[in-house]
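Hi,

Here is the structure I said I would pass on to you. Have a look at it first, and then read my notes below.

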Amino acid sequence: MSLFLTYDAQNAEYLLKPAGYAVLAAALILLLIVLPNIGRQKHRPMKTKQLVFCSAAMALAVIASFIKFASLPFGGSITMFSMLFICLIGYFYGPRVGLITGVAYGILQLITGPYIYAPLQVILDYPAAFAALGLSGFFYKAKHGLVIGYITGCIGRYICHVISGYIFFASYAPESMNPMLYTLGYNATYIVPELIATVVILMLPPVRRAIALVKQQAV
């Protein structure tokens, strides 16, 4: 553990060492290049175009995640539609590619802004939470599939953070407040406003037409 992480006693959290960053970078490469091409008899390998769009979506999501309208003290922020870019990949290519891209983006988020308190917390708050955004892929053929998929992905991410918050951050709840209510409210504070704002944007006809055009180019 000490090879990859160092413990910050003052903040009661773990910090990544260079070897830790190297392992996460290798995991990103494995997810995006190696794993999608395994089992070609059952699944089509990820095409170059798909890889380009997935990489572009993650890059845009990272940039958007740095544009914050509000940030919470224990992680979480209202961003410039950052979740949408990952949901778009599921909407373009289906759940398999969407989930893989979500996991990869979760690892990228861990690299750029790690909050590490315990192994299970890391899994819930990063690869699992952002993989949930790829659930949008289950609705990629449905009418209004992007909006339904986006809402589903956000709910999935919300559930992961709620579970993590209840297990690892319940002690931060006010003494008179139920820890579950605290974590439900805490995570809703940043996910719900961004969800609502994004859905409103997605309902605009020019935005729908633009996304439809991009999807035609992507597939």
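**What I found**

Isoleucine 167 is partly exposed, with a relative accessible area of 47%. Keep in mind that this is a predicted model. You'll find isoleucine 167 in helix 6, and it belongs to a nonpolar surface patch of about 690 Å². Its partners in that patch are Leu120, Ile123, Ile155, Ile159, Ile163, Tyr166 and Met180. Two elements, helix 5 (119-131) and helix 6 (145-168), each give two or more residues to the patch. Helix 6 gives the most, with five residues.

Now for a residue on the inside. Threonine 198 sits in helix 7 (residues 179-202). Is threonine 198 buried or exposed? Its relative accessibility is 1%, so it counts as buried, the cut-off being under 20%. Its side chain still has polar company: there is a polar contact with the side chain of tyrosine 150, at 3.1 Å. On top of that, a polar atom of the threonine 198 side chain lies 2.7 Å from the backbone oxygen of glutamate 194. If you skip the neighbours within four places in sequence, threonine 198 is in contact with Phe81, Leu84 and Tyr150.

Last one: helix 4, which covers residues 95-112 and has 18 residues. From first C-alpha to last, helix 4 reaches 25 Å, close to the 26 Å expected at 1.5 Å a residue. Helix 4 is largely enclosed by the rest of the structure, because 13 of its 18 residues are buried.

Cheers

How values were computed
Residues numbered from 1 in each chain as written. Predicted model: local features only at pLDDT ≥ 70, side-chain atom pairs only at ≥ 80, totals over all residues. Heavy atoms only, no water. Helix = DSSP H or I, 4+ residues; strand = E, 2+ residues; numbered from the N terminus. Expected span 1.5 Å × (residues − 1). Buried < 20%, exposed > 50% of the residue type's maximum accessible area, 1.4 Å probe, protein only. Polar contact = N/O pair within 3.5 Å; in protein donor to acceptor, adjacent residues only side chain to side chain. Contact = heavy atoms within 4.5 Å. Patch = residues over 30% accessible without salt bridge, like charges linked within 9 Å, V, L, I, M, F, W, Y side chains within 5 Å. Areas by Shrake-Rupley, 256 points an atom, 1.4 Å probe, with all protein chains shown as cover. Salt bridge = Lys/Arg side-chain N within 4 Å of Asp/Glu carboxyl O.
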